[in-house]
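I sat down with this one and a fresh page of the notebook. Here is what I looked up, in the order I went.

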Amino acid sequence: MSVALPPRTERFFLLTLAGIQFGHVLDFMIMMPLGPILMAAFGIGTHEFGLLVASYSFSAAISGVLAATFVDRFERKRLLLTAFGLFALATLACGLAPGYSTLLVARGLAGVFGGIMGALVQTMIGDAIPFSHRARASGIISGAFSISTIAGVPLALWLANLLGWRAPFMLIAAFSVLFLAVGLRFLPELRHHLSGGEPRHLLADAFATLADANHRRALLFSALIIFSGFTVIPYITVYAVNNVGIAQHDIPLVYLVGGAATLLSARRIGHWADRRGKVEVYRRLALLATLPLLVITHVGALPLWAWLICTTAFFVLLSGRMIPAMAVITSAAEPRLRGTFMSLNGTVQSLAMGLATTLAGFLTGLDADGRIVGYPLVGYVAVAANLLAIAFAGRIAMHGRHA
């Protein structure tokens, strides 16, 4: 069941969650376009850079398992804002890290709290937004990805080029403190999931969640979607600079154009999914996404305008398929176990990200001229996972569908 919020309260609720999502999405995303800068600063290759990206994901996976033991035992707002405050401190530590090893540790700490936050944001949507317009709400939250791509990543890259790689993390930490204050003001308390019964075993909710076959199908579906994207995503910027011939100072434009396109498409996709069916819309978008997955990983030298067409299609379709997909996944959870389920989903997604990034790091390498080799094979792996997810989508039952 969902809590009914007045329209104005619901609007502020979703915009505040989108702001919080923006902070931790930007923190995760900024590592990819910083790839060439960090590789030059630390003298590292694709494998070591892959570990920097994957450390966030693996830590988020561990925190998701731990969160599954307690997330449904606390009021949602307080838990989210506590995790957000600790995330801000971890991001500040990234900006202050003196070298590669300490940055690796700091990224892991940011992942611990970012993983909890991502699960809680989706949980709160499921708690407060009815099934009938849940994809629309997911579209608004997905706008955080678009805005971080349009404004956050180009600004962070500009700061990195001007002041060094530490500056983007300082910016994200400052933004997080700002939205922590906004969250205290505008997020409603959500405690209807708390029961007054006898205390349960610490792992009771996690076991109950995993015992449900529908939950297991939804978690596998979620893992396949994320795996198909994150084999390719972390290395796009390095590939663009080293293989396609895009100048480092043009990389912000790639994110600006792609993010603007996803901002325009996200809400329309959400409305479309609520009208035509979440599974049907997901399948159409995911099938279309196979084309940019293959093109991005196979093209050689291109002019900037052609690369912008490829990457914009990639951003729109890969992020677009996540809007109906997340509505399906959130709706698969039994309401009383939604927080635990979404924490486990965060774990599964983070593991999929980490494994995909690590696998792609081992499948690729740098040749004598500094170009990435092995990226086409990564594209084939991504397409295979994407097609498996499409085949799996219709097997998931959604709670509230007939309400």
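My entries cover salt bridges, a surface patch, two contacts distant in sequence and one helix pair.

**Entry 1: salt bridges.** I kept in mind from the start that this is a predicted model. I searched the whole structure for salt bridges and got 6. I began with E280, which pairs with R276 at 3.3 Å between the closest N and O atoms. E280 also meets R284 in a salt bridge, with 2.6 Å from N to O. I then checked the spacing of that second pair: R284 and E280 are 4 residues apart in helix α12 (residues 278-298), so about one helical turn separates them.

Next I looked up how open these side chains are. E280 has 31% relative accessibility and counts as partly exposed. R276 is partly exposed too, at 43%, and R284 is partly exposed at 38%.

I also noted a salt bridge between D369 and R371, with the closest N and O atoms 3.3 Å apart. Here D369 is exposed, because its 60% relative accessibility is over the 50% cut-off, while R371 is partly exposed at 37%. Going back to the earlier trio, I wrote down that shared partners join R276, E280 and R284 into one network.

**Entry 2: a nonpolar patch.** On the surface I found a nonpolar patch made of L86, L89, L92, L96 and M170, with about 430 Å² of accessible area together. Which helix gives the largest share? Helix α4 (residues 76-96) does, with 4 residues. I picked out L89, which lies in that helix, and it counts as exposed at 56% relative accessibility.

I stayed in helix α4 for A93, which is partly exposed at 31% relative accessibility. A93 and F169 are 76 residues apart along the chain, yet their C-alpha atoms are separated by 8.4 Å.

**Entry 3: a second distant contact.** Is M29, in helix α1 (residues 7-29), buried or exposed? I looked it up: M29 is buried, because its relative accessibility of 7% is under the 20% cut-off. From its C-alpha to that of G152 I get 9.4 Å in space, against 123 residues in sequence.

**Entry 4: a helix pair.** Last, I checked helix α9 (residues 213-230) against helix α15 (residues 375-392). Their axes come within 8 Å and cross at roughly 150 degrees. An angle over 145 degrees counts as roughly antiparallel, so that is how α9 runs relative to α15. I noted the handedness as well: the crossing of α9 and α15 is left-handed.

How values were computed: Residues numbered from 1 in each chain as written. Predicted model: local features only at pLDDT ≥ 70, side-chain atom pairs only at ≥ 80, totals over all residues. Heavy atoms only, no water. Patch = residues over 30% accessible without salt bridge, like charges linked within 9 Å, V, L, I, M, F, W, Y side chains within 5 Å. Areas by Shrake-Rupley, 256 points an atom, 1.4 Å probe, with all protein chains shown as cover. Salt bridge = Lys/Arg side-chain N within 4 Å of Asp/Glu carboxyl O. Helix = DSSP H or I, 4+ residues; strand = E, 2+ residues; numbered from the N terminus. Buried < 20%, exposed > 50% of the residue type's maximum accessible area, 1.4 Å probe, protein only. Axes fitted to C-alpha atoms, helices over the stretch in contact; angles between N-to-C directions. Parallel < 35°, antiparallel > 145°, perpendicular 65-115°, else oblique. Left-handed = near helix turned anticlockwise from the far one by under 90°.
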